[in-house]
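Student: I have a structure open and I would like to learn how to read it. Can we go through it feature by feature?

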Amino acid sequence: MFYRETGQFKTTYEADSAIFPILQDRIGIALMLAVAFVVIPLTGSDFFLNTMMIPFLIFALAAIGLNILTGYTGQISLGSGAFMGVGAYSCYKMASLFPDMNLIVLVLFSGFFSAAAGMIFGLPSLRIKGFYLVVTTLAAQFFLTWAFIRVAWLYNYNDSGAIDTLPRKAFGLWISGAEASPVTRYFVVLCIVIAMTWFASNLVRGRIGRSWMMIRDMDIAAELMGVRPLYAKISAFAVSSFYCGVAGSMMVFFWLGSAEVESFDENQSFLILFMVILGGLGSIMGSYMGAAFIVVLPVALRAAPEFFGITVNPTNMEHYTIMIIGALIIFFLIVEPHGLARLWQIAKEKLRTWPFPYA
Amino acid sequence: MKKLLAIGTAAACLGAVLATSAPAVAEDTFYIPSLSYRTGPFAGGGIPNANGFADYFNMLNERDGGIGGVKVVVEECETGYNSKKGVECYEATKGKGALVYNPLSTGITLQLVPKAPVDKIPVFSSGYGLSATAVGEKFPWGFNYPSTYWSQLTSILKYIDSKGGLKGKKIGYLYLDVGYGKEPIPLLDVLSKKLGFSVTKYPVGVKEMQAQSSHWLKVRKDRPDWIINWGWGAMNSTAVKEAAKIRFPLDRFIGNWWSGTHADLRTVGATGKGYMAANFSGIGASYPALQDVLKYVVNKGKSQVKSKDLVGDVIYNRGVFQAVIIAEAIRSAQKTTGKKVINAEDLRGGFETFDLSEARLKEIGLEGFTQPIKASCKDHEGGGGIYMQQWDGKDWKRVSDMISPMTDIVRPMLEKAAAKYIADKPGWKTQTCK
């Protein structure tokens, strides 16, 4: 009943290759954007914006980045945390060197530094695959975090060894630092993430994205058909790291306020990989779902007892949260090994034929 | 069933996501969030501190009916010593009228320092956190009574100097490789040149806390004359055991005031005999105030402390110390503003005006518990000294007088660090002190 595309005729090539060819999808996305741009800023409390929405968007972007590499190109990477760090540290360096530059430009520009790092550490992917590639990307992880600790120039010789936000204004408003209101930071992050999501969804549908998927599905066949593995793989590493880098610099400047190396360690890389696997490999939508599951759910669970007026010892709640999240991960992976995005797809199919059990 | 379950979880998630507003705390109480950590590898220090902190306030509630007739509500929020979760706790509690934050983590303090002037809530990092916040003109909202890490380090060096000189000696610096352990390094580097000793650093990552054999292999090779330990949590007991294993003289192995805890050394036992550590708060429960804590709180089962023998532990007393300073600041703010119920901004003033004199310490039942502290606008650390304690295999024993820091060296450096901190932050609010 829902999701019937009957009667929606496409009369132009543009209409046929639109991102959302079905009217219902377009309505859905418009509704979501309305919620994101109007409802949430108007109704969300500081706590909701600061600890749920902003990290959710940032990690969704990082997950999209890793999904490009792992989901679309089939190269498993455990270096995403470090590439986020490259973005964060380069953005910090640039912001302190050029205090008058618009911070949003710097945040986007910092992606190029991490893209460069990603390309270098992506080179081994031409020779090795699978678990062996995991090991080399892990090497990137360890090398880069080592550099973040030992190269004091990267954090301007700060006594604490941490990089902290430099308060910056854009368009007459504080967008970073403690003075920046959560709503402003939320809007900045939202705009960047939506723009980059739109770019990514077009990229993966286009020629480049198709060459990535060919490499993923069978690299020899792809090579025989004229896809150059060097370009395909390295471009996937570059784009993926670019996304992670932007997410990393947003994490420091628009969310945390300051960050130590621990924010970019291998745990971070694992978390992003889990987001991608749970959300669904090879799905932009899934990246959002995975990020929501890993980032928002624990915070929401911890805040839940108080919301419902129940008193739970915070220590116990911490343990419950870990247990509930763990159980849910197992539950979802048993129910649908292809991730939450696939669940959504199945739901869509069901809605299409509903109320009849068959099509 | 499967569907039902799925819908149920979805509903639960949705409900949880909507959990945004929190019920306000009743008007006539003091709401003090305690960012504690009772889970994770640092729980060994986090638990006693949180217990001492909460128990002292509860004692004031039970015995005196609060502070100036206003009860104190201490609410704990679990951080796991994780900066991100710490900020999450901060965001969750600040809207409920939080008076002051005491995060017991240098990492979390670093995150809160820039937020404090904007949200107008003071951050009281008692003997931890950013040393530069001691400069009151530059950091009106940060306090680290009774002393900073930098001051403490100079006191420890003074002690070493008194035991056979510092010049030409080789000092090892074993530290937890996070913001906390890195904090005193700039001072150490400068002092080593100024006072003529050499420093070898042994960073211990959080993941290696309980596997330090490689570090101690290096110690064996380098043979430092003294080792200063800047450890926390599970790192301390491992370090002392490793030191004993390579037969490093333990009376030349000095922990800072977070590295000499009962929880850590009890697991080491007699092996750790001789290990030294700095301290600034009293040991044991013989103080009248602590007897009141036992009488009004612990014995009535109103404390989270596991056994009443744990009251009086070094870190438990540290929690009490933090609560005492906050209580004194509240009292002082009540006096200066003439209000019974004060807000966070009034309390900031209180932190600059309280006077914890010898007589006052006696009055509140804590004579000799710590050095007198006179708060001021200019100096947010109080310049307190430390004393040395030694582990006798079963308990900590005080072995030295108060050693005051080298204020003449530390203060200019703190001022330089403070100026550097605010240099790249346009719009940072400072204050002028008379």
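**Reading the model step by step**

Tutor: Start with one residue: B:E242 is buried, at a relative accessible area of 11%. Keep in mind that this is a predicted model.

Student: Why does B:E242 count as buried?

Tutor: Buried means under 20% relative accessible area. B:E242 has 11%, so the label fits. B:K245, at 62% relative accessibility, counts as exposed.

Student: What do the side chains of B:E242 and B:K245 form?

Tutor: They meet in a salt bridge, 3.8 Å from N to O. Both residues sit in helix α10 (residues 234-245) of chain B. They are three residues apart, so about one helical turn separates them.

Student: Which parts of the chain does the salt bridge of B:K302 and B:E62 link?

Tutor: Distant ones. B:K302 is in the loop between α12 and α13 of chain B, and B:E62 is in helix α2 (residues 43-64) of chain B. They are 240 residues apart. Their closest N and O atoms are 3.0 Å apart. B:K302 is partly exposed at 42% relative accessibility. B:E62 is partly exposed too, at 35%.

Student: How many salt bridges are there over all chains?

Tutor: The count is 29 over all chains. Between chain A and chain B it is six. One joins B:E88 and A:R302, at 3.0 Å from N to O. Salt bridges that share partners join A:R302, A:E318, B:K85 and B:E88 into one network.

Student: Where do B:K207 and A:E266 lie?

Tutor: B:K207 lies in the loop between β6 (198-204) and α9 (213-222) of chain B, and A:E266 in helix α11 of chain A, so the pair joins two chains. Their salt bridge has its closest N and O atoms 3.6 Å apart. B:K207 is exposed, at 58%, whereas A:E266 is buried, at 14%.

Student: How is the size of an interface often given?

Tutor: Often as the accessible area lost when the parts come together. Here, about 4100 Å² is buried between chain A and chain B. Carbon and sulfur atoms give 57% of that area. The contact takes 53 residues from chain A and 50 residues from chain B.

Student: How many residue pairs are in polar contact across the interface?

Tutor: There are seven such pairs between chain A and chain B. Several helices of chain A each supply at least two residues to the side that touches chain B, including α3 (46-72) and α6 (130-150). α12(A) gives the most, with ten residues. The residues on this side of chain A divide into 24 nonpolar, 16 polar and 13 charged.

Student: How many aromatic pairs are there over all chains?

Tutor: The count is 44. Take A:F112 and A:F242. Their ring centres are 5.0 Å apart and their planes meet at 70°, so the pair is edge-to-face. A:F112 is in helix α5 (residues 103-122) and A:F242 in helix α10 of chain A, 130 residues apart. A:F242 is buried, at 18% relative accessibility.

Student: What angle lies between the planes of B:F280 and B:F321?

Tutor: The angle is 65°, and this pair is edge-to-face, with 5.0 Å from centre to centre. B:F280 lies in the loop between β9 (276-279) and α12 (288-298) of chain B, and B:F321 in helix α13 (residues 314-337) of chain B, so the pair ties together parts 41 residues apart in sequence. Both are buried. They belong to one aromatic cluster, with B:Y149, B:W230 and B:W257 among its members.

Methods:
Residues are numbered from 1 along each chain as its sequence is written. Chains are lettered from A and ligands numbered from 1 in the order in which they are written. This is a predicted model: local features need pLDDT of at least 70, side-chain atom pairs count only at pLDDT 80 or more; totals for chains, interfaces and linings use all residues. Side-chain values use heavy atoms; hydrogens and water are left out. Contact means heavy atoms within 4.5 Å. Buried area is the accessible area (1.4 Å probe) that two parts lose on being put together, summed over both. A salt bridge is a side-chain nitrogen of Lys or Arg within 4 Å of a carboxyl oxygen of Asp or Glu. A polar contact is a pair of N or O atoms within 3.5 Å; within protein, one must be able to donate a hydrogen and the other to accept it, and residues adjacent in sequence count only if both atoms are side-chain atoms. Helices (H or I, at least four residues) and strands (E, at least two) are DSSP runs, numbered from the N terminus. Ala, Val, Leu, Ile, Met, Phe, Trp, Tyr, Cys and Pro count as nonpolar, Asp, Glu, Lys and Arg as charged, and the others, Gly among them, as polar. Rings of Phe, Tyr and Trp (its six-membered ring) pair if their centres lie within 6.5 Å; planes under 30 degrees apart count as stacked, over 60 as edge-to-face and the rest as tilted. Buried means under 20% relative accessible area, exposed over 50%, partly exposed in between (1.4 Å probe, protein chains only).
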